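These are my notebook entries on a handful of residues and contacts that I looked up one after another.

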Amino acid sequence: MEETRSFGYICPKCGRAVMARRSAFSLAAAAAHIECPCGQSDMLIETDGSRFRLWVPCGLCGETHQAECSADAVLRGRGIGLACPKTRQICCYVGQEDQVSAQMEQLAVRAAKEKAEDPEAFTDNIIMYEVLSELKDIAARGGIRCRCGSTRYGIQVHRDSVDLCCQDCGGKLRLPAATDEDLDRLCCQMTLTIPGRA
């Protein structure tokens, strides 16, 4: 089976975790683009055979960063994280799909928390912070899945709610995140099921 590598970043425009897989062969053959479904951000990957150059849209500071890595680091091993030079936080992951998926969950939460420091970002910053922490706990015990059977999902953070979006069928579960009642309701859930698209 052909070896593939996964790439992940947080869209600075819509806040979605963007993940895509590319084969090692296609990466070596031509430049690759990984675009957010919102159409407003795009990660570019180029190689000269020995090194890879990546242009990464940063969900933490909103800018695009350029990084250079050895072909060996990109194509082999468990994975690498690329940091935002402004926040010094990881803003992009490359590696095995399960590794990148797990890291992207944490990155989505971190990006949302960075946004929470903007006083206008959310209806109630503390409630949003607690909701995101609770979601992280539910995810850590494998409690988030879609009715289509997938366990791959992304997180979109809005002013007063959080969407869990299935990465396979596109189904969406909206969780209100503005009041104490919203937080209490979430804390009672052991598992969350995204409705799925038929």
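**Entry 1: a buried acid.** I began with Glu 134, which is buried yet has no salt bridge in this predicted model. The nearest side chain of opposite charge belongs to Arg 141, and I find it 4.6 Å away. A salt bridge needs the side-chain nitrogen within 4 Å of a carboxyl oxygen, so I do not list Glu 134 and Arg 141 as a pair. I place Glu 134 in helix α4, which covers residues 125-140. Leaving aside residues up to four places away in sequence, I noted that Glu 134 touches Leu 186 and Cys 187.

**Entry 2: the helix pair.** I next looked at how α4 packs on helix α5, which spans residues 180-187, and found an angle of about 10° with the axes 10 Å apart. That angle makes α4 roughly parallel to α5. From α4, the contact is made by Ile 127, Glu 130, Val 131, Glu 134, Leu 135 and Ile 138, and from α5 by Asp 180, Leu 183, Leu 186 and Cys 187. Sorting the residues of this contact by character, I have seven nonpolar, no polar and three charged. Glu 134, where I started, is thus among the residues that α4 brings to the contact.

**Entry 3: salt bridges.** How many salt bridges does the structure hold? I have 10 on record for the structure, and I followed up some of them individually.

In one of them Glu 68 pairs with Arg 51, the closest N and O atoms being 3.0 Å apart. Glu 68 lies in strand β6 (residues 64-70) and Arg 51 in strand β5 (residues 51-57), so this pair ties together parts that are 17 residues apart in sequence. I checked the exposure of both partners: Glu 68 counts as partly exposed at 42% relative accessibility, and Arg 51 is partly exposed with a relative accessible area of 36%.

Another salt bridge joins the side chains of Asp 168 and Arg 152, at 3.1 Å from N to O. Here both partners sit in loops, Asp 168 in the one between β11 (161-166) and β12 (172-176) and Arg 152 in the one between β9 (144-146) and β10 (153-157), and the pair links distant parts of the chain, 16 residues apart. Asp 168 is partly exposed, with a relative accessible area of 48%, and Arg 152 counts as partly exposed at 27% relative accessibility.

I then returned to helix α5, where Asp 182 forms a salt bridge with Arg 185 and the closest N and O atoms are 3.4 Å apart. Because the two are three residues apart in helix α5, Asp 182 and Arg 185 are separated by about one helical turn. Asp 182 counts as buried at 11% relative accessibility, whereas Arg 185 counts as partly exposed at 46%. I also wrote down that salt bridges sharing partners join Arg 21, Glu 97, Arg 152 and Asp 168 into one network.

**Entry 4: backbone at Arg 88.** I looked up the phi angle of Arg 88 and found it near 60°, a positive value in a residue other than glycine. Arg 88 lies in the loop between β7 (79-83) and β8 (90-95). Is Arg 88 buried or exposed? At 72% relative accessibility, I count Arg 88 as exposed.

**Entry 5: two further loop residues.** Asp 160 is found in the loop between β10 and β11, and at 40% relative accessibility I count it as partly exposed. Which residues does Asp 160 touch, not counting those up to four places away in sequence? I listed Thr 123, Pro 176, Ala 177 and Ala 178. I also took the separation of the C-alpha atoms of Asp 160 and Ala 28, which are 132 residues apart along the chain, and noted 43 Å.

Gln 96 has its place in the loop between β8 and α3 (97-116), and it counts as partly exposed at 31% relative accessibility. With residues up to four places away in sequence left out, Gln 96 touches Arg 5, Ser 6, Gly 77 and Arg 78. From C-alpha to C-alpha, I have Gln 96 and Gly 49 at 20 Å in space, with their positions 47 residues apart in sequence given as their distance apart.

Conventions:
Residues are numbered from 1 along each chain as its sequence is written. This is a predicted model: local features need pLDDT of at least 70, side-chain atom pairs count only at pLDDT 80 or more; totals for chains, interfaces and linings use all residues. Side-chain values use heavy atoms; hydrogens and water are left out. Helices (H or I, at least four residues) and strands (E, at least two) are DSSP runs, numbered from the N terminus. Buried means under 20% relative accessible area, exposed over 50%, partly exposed in between (1.4 Å probe, protein chains only). Lys and Arg count as positive and Asp and Glu as negative; His and the chain ends are not counted. Contact means heavy atoms within 4.5 Å. Axes are lines fitted to C-alpha atoms, for helices over the stretch in contact, and angles run from 0 to 180 degrees between N-to-C directions. Angles under 35 degrees count as roughly parallel, over 145 as roughly antiparallel, 65 to 115 as roughly perpendicular and the rest as oblique. Ala, Val, Leu, Ile, Met, Phe, Trp, Tyr, Cys and Pro count as nonpolar, Asp, Glu, Lys and Arg as charged, and the others, Gly among them, as polar.
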